[in-house]
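Q: Got a minute to go through this one with me? I'd like to talk about the fold and then the charges.

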Amino acid sequence: MEIYTLTISFPYDEEEQPWSRVIEVKEDFTLVKLHKYIQAIVEFDDDHLYEYFIGKNPRNRASSVPKKTQLNEIYPLKGYKLYYLFDFGDSWLFEIKKSRKKKIENNKIKYPLIIESTGINPEQYPEYED
């Protein structure tokens, strides 16, 4: 089975520190499982709606993607990117890019797996100063 290397990141302001996680997952990983894994990675409370969509950029949506879709049904994306939007009020928008390198499953490794980490997790409910 093929292993996909995904870079998950979200847009940040110039004052903010970049955040990204590079993970490895099996090609048949569903978007529901990816949602749960991202929630665990960022340590958010999974208490809001979410959706996945494909577009050239976050403002140019080509189509929504059903949550039960497997990654191998989405990739390769030519000219488009996969986006994950969590919490329609606060709009936590993550961009998901797949590496072009082909990798085969190693039976000694348990997937999914974080292989690289940049930045600190954002606070889902930051305390704002008045």
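**Charges and fold**

A: Let's start with one side chain: at 31% relative accessibility, Lys81 counts as partly exposed, since buried means under 20% relative accessible area, exposed over 50%, and partly exposed in between (1.4 Å probe, protein chains only).

Q: Which residues share a salt-bridge network with Lys81?

A: Salt bridges with shared partners join Lys81, Glu95 and Lys97 into one network. A salt bridge here is a side-chain nitrogen of Lys or Arg within 4 Å of a carboxyl oxygen of Asp or Glu.

Q: And what's the N to O distance for Glu95 and Lys81?

A: Their side chains meet at 3.9 Å, N to O. Glu95 sits in strand E6 (residues 92-98) and Lys81 in strand E5 (residues 81-86), 14 residues apart.

Q: Is Glu95 buried or exposed?

A: Glu95 counts as buried, because its relative accessibility is 15%.

Q: Before I go on, what kind of model is this, and how are things counted?

A: It's a predicted model: local features need pLDDT of at least 70, side-chain atom pairs count only at pLDDT 80 or more, and totals for chains, interfaces and linings use all residues. Residues are numbered from 1 along each chain as its sequence is written, and side-chain values use heavy atoms, with hydrogens and water left out.

Q: OK, the fold. How many helices and strands?

A: Two helices and eight strands, in the order β-β-α-β-β-α-β-β-β-β from the N terminus. Those are DSSP runs numbered from the N terminus: helices are H or I, at least four residues, and strands are E, at least two.

Q: How much of the protein is buried?

A: Buried residues make up 40% of the 130.

Q: Back to charges. How many salt bridges in the whole structure?

A: Six turn up in the search. One of them pairs Glu105 with Lys26, with the closest N and O atoms 3.2 Å apart. Glu105 is in the loop between strand E7 (103-104) and strand E8 (113-118), and Lys26 is in strand E2 (residues 20-26), so that pair links distant parts of the chain, 79 residues apart.

Q: How accessible are Glu105 and Lys26?

A: Glu105 has 24% relative accessibility and counts as partly exposed. Lys26, at 28%, also counts as partly exposed.

Q: What about Arg61 and Glu51?

A: Their side chains form a salt bridge too, at 2.7 Å, N to O. Arg61 lies in strand E4 (residues 60-65) and Glu51 in strand E3 (residues 50-57), so the pair ties together parts 10 residues apart in sequence.
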